[in-house]
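Biologist: I would like a close look at one part of this model. Please walk me through how that part is put together and what surrounds it.

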Amino acid sequence: MPGWFLFSIAALVFWGITGVTQKLSTNHISTEFSFLGFAAAFIPVAVLIGTAFRVDLNLGAGVFLLGALGGALNGLGALTSFAAFEAGGKSSIVIPIVSAYPLVTVLAAHFLLHEQITPRHWAGIILAPVAAWLLSRGESGEETHR
Amino acid sequence: MPRWLIYSLLTILLWGAWGVQSKLMVDRTSAYTNQVVFTFGLALPAGLALVSKRRFQARNAARGLVYAAATGLLGGLGNVAFYMALESGQASVVAPLTALFPLVTVLLALVVLKERLNRGQLAGLALALTAIYLLST
């Protein structure tokens, strides 16, 4: 089994657990407060990584900004998903739209990074967001956010 | 266009772009460095959350923050695993595969929160396992 697949499953498991912890968190505090706590916890993770592994921050301004853009894109996406619900979006419509986000990555990777996609992978790529949407539809219509 | 739709479309663009940005970064540096730099970028959305009127709204702040911090710790570890997957895997395969994380959430909710699976979630479970199989090679 390829290493990238095992790491993908590890990411899936960690992020999957956060679906439960985030729900438990927002049972007690607002989504904004929860996001602040979530973001603050990334600091000790970064310190731990910097202590245990080799981290090179001499990247040059361009690459550093590209990397920091990742945190901004990810965090802003979380805030806009919360905002969609608060603006009156029904979960039955917002969830399938938001679940389609990997398709943006797939299309960009295919056309910009020129990644080749096999027919078998295309089948999995199309099935995955449908599965994620169905899984995210709780009995009360609540969504599992990243 | 309704505001909720604009926010929803923004979300798929932001998260979708993050997948490509991550691939571009792991081609230039290690997964560990990438995660550390990612943390700096969280300052922007955290700043936006800080200007919200509900920034410190809580029924039980201590308990809520413990769970929020756990979300951050696990999310950070998930990110590192995601970057490591991207080091040798294609973004077009890794992104949809890791997006199946609600599979674990649903299974945990079943065990920890004692929630029940509806028919749609059972169908999603079967589709998720099929998608994982298709994307595994």
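How many Å separate the centres of domain 1 of chain B and domain 2 of chain B, taken over C-alpha atoms?

Modeller: This is a predicted model, where local features need pLDDT of at least 70, side-chain atom pairs count only at pLDDT 80 or more, and totals for chains, interfaces and linings use all residues. Residues are numbered from 1 along each chain as its sequence is written, while chains are lettered from A and ligands numbered from 1 in the order in which they are written.

The two centres lie 23 Å apart, taken over C-alpha atoms. Domain 1 of chain B spans 3-89 and domain 2 spans 100-137. These bounds come from an automatic or database domain assignment.

Both domains feed the largest nonpolar core. That core holds 91 residues. A nonpolar core here is a set of buried Ala, Val, Leu, Ile, Met, Phe, Trp, Tyr and Cys residues joined through C-beta atoms within 7 Å. Buried means 20 or more other C-beta atoms within 10 Å of the residue's own; 12 or fewer means exposed, and values in between mean partly exposed, with C-beta atoms placed from the backbone. The members touching the most other members are A:Ala128, A:Ala131, B:Ala81, B:Leu100 and B:Ala131. Helix α4 (residues 61-88) of chain B gives the largest share, 13 residues. Helices are DSSP runs of H or I, at least four residues, and strands are runs of E, at least two, numbered from the N terminus. Domain 1 and domain 2 of chain B each supply at least three residues to this core. In soluble globular proteins, nonpolar side chains tend to be buried together.

Take A:Ala128. Leaving out residues up to four places away in sequence, A:Ala128 touches A:Pro102, B:Pro96, B:Leu97, B:Ala99, B:Leu100 and B:Ala131. Contact means C-beta atoms, placed from the backbone, within 7 Å.

Now B:Gly16. B:Gly16 sits in helix α1 (residues 3-26) of chain B. B:Gly16 counts as buried because 23 C-beta neighbours lie inside 10 Å. With the same sequence neighbours left out, up to four places away, B:Gly16 touches A:Tyr101, A:Pro102, A:Val104, A:Thr105 and A:Ala108. B:Ala95 is 79 residues from B:Gly16 in sequence, yet 8.5 Å away in space, C-alpha to C-alpha.

Across the whole contact, chain A brings 100 residues and chain B brings 104. Six helices of chain A, α1 to α6, each supply at least two residues of the side that touches chain B. That side of chain A has 65 nonpolar, 29 polar and six charged residues. Ala, Val, Leu, Ile, Met, Phe, Trp, Tyr, Cys and Pro count as nonpolar, Asp, Glu, Lys and Arg as charged, and the others, Gly among them, as polar.

Terms used. Two residues are in contact if their C-beta atoms, placed from the backbone, lie within 7 Å.
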